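Please take a moment to look over the sequence and the model together before reading on. The paragraphs that follow go from one small detail to the chain as a whole.

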Amino acid sequence: MQQEPIIIYTDGSSRGNPGPGGYGTILMWKSHTKELSAGFRRTTNNRMELMAVIAGLEALKQEGKKVQIYSDSQYVVKSVDQGWLKNWIATGFRGGKKNKDLWLRFYELSKKHHIRFHWVKGHASNPHNIRCDELATQAADGKMLNIDTGYEEGEERRSGS
């Protein structure tokens, strides 16, 4: 019997780049739907786009699932589909490729499932993408924001603090 895929919609947001940010994720399987979101005090849009994907994959309870991920981030979709991530890993992220911590986290999760990415136009007529954007921006505007340690520690190293 054909396994019904898990559908994951994702979006990330940053108020300023860098600035406060958040992600929104919707997981759907058969008649079940789950929404996830979190906000961070200082981060970037690309980090939140990637965190949305990671959060969705981390929420899966079983391995070996077919997963269809819908994202409006060409950065995320192309990095995987066009093999950029495999090249970054093979070269040790040489040349200062950004978001190494999150890409390695995603890569480990990606080995547990059969993932296919789909790019969707952001802020268009897709209700799931629109809802993810709402979740992400609400999280970015929240009062109790998490610390994106991967970003903030890297920022401190770059500034010499």
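Where is the place of K30? In this model, which is predicted, K30 sits in the loop between β2 and β3, and the two strands on either side of that loop are a good place to begin. Strand β2 covers residues 19-29 and strand β3 covers residues 32-43, and they pair in the antiparallel sense over ten bridges. Together β2 and β3 form a hairpin with two residues between them, and W29 stands opposite H32 in β3.

The turn of this hairpin deserves a second look, since K30 has a positive phi of about 50 degrees although it is not a glycine. Most residues other than glycine have a negative phi, and most peptide bonds are trans. As for its surroundings, K30 counts as exposed because its relative accessibility is 55%, and exposed means over 50%.

Two other places in the chain can be read against that background. N99, found in the loop between α3 (84-90) and α4 (100-110), has a positive phi of about 65 degrees although it is not a glycine. N99 is buried, however, because its relative accessible area is 12%, and buried means under 20%. The other place is the peptide bond from N17 to P18, which is cis, with omega near 20 degrees; P18 lies in the loop between β1 (6-14) and β2.

Returning to the hairpin, we find that some of its residues also help to line a pocket. The second largest pocket holds about 310 Å³ of space, and its lining includes L27, M28, W29, H32, T33 and K34, along with I6, A59, L60, K61, Q62 and K65. The elements that give two or more residues to this lining are β2 and β3. By character, the lining residues divide into six nonpolar, three polar and three charged.

Finally, consider the chain as a whole, whose secondary structure comes to six helices and five strands, following the pattern β-β-β-α-β-α-α-α-β-α-α along the sequence. The radius of gyration of the chain is 15 Å, close to the 15 Å that the globule rule gives for 161 residues, so the chain is as compact as a globular protein of that length. Its C-alpha atoms fill a box of roughly 55 × 40 × 30 Å, taken along the principal axes. Buried residues make up 45% of the 161 residues, and among contacts between residues at least 6 apart in sequence, 68% join residues at least 24 apart.

Notes
Residues are numbered from 1 along each chain as its sequence is written. This is a predicted model: local features need pLDDT of at least 70, side-chain atom pairs count only at pLDDT 80 or more; totals for chains, interfaces and linings use all residues. Side-chain values use heavy atoms; hydrogens and water are left out. Two strands pair if DSSP finds at least two bridges between them. Helices (H or I, at least four residues) and strands (E, at least two) are DSSP runs, numbered from the N terminus. On a 1 Å grid over the protein atoms alone, a cavity is a set of points where a 1.4 Å probe fits but cannot get out, and a pocket is an open set with protein on both sides within 12 Å along at least five of seven lines; lining residues have an atom within 4 Å of a point. Grid points are joined across faces, edges and corners, and a volume is the space filled by probe spheres set on the points. Ala, Val, Leu, Ile, Met, Phe, Trp, Tyr, Cys and Pro count as nonpolar, Asp, Glu, Lys and Arg as charged, and the others, Gly among them, as polar. The radius of gyration is taken over C-alpha atoms; the globule rule is 2.2 Å times the number of residues to the power 0.38. Buried means under 20% relative accessible area, exposed over 50%, partly exposed in between (1.4 Å probe, protein chains only). Contact means heavy atoms within 4.5 Å.
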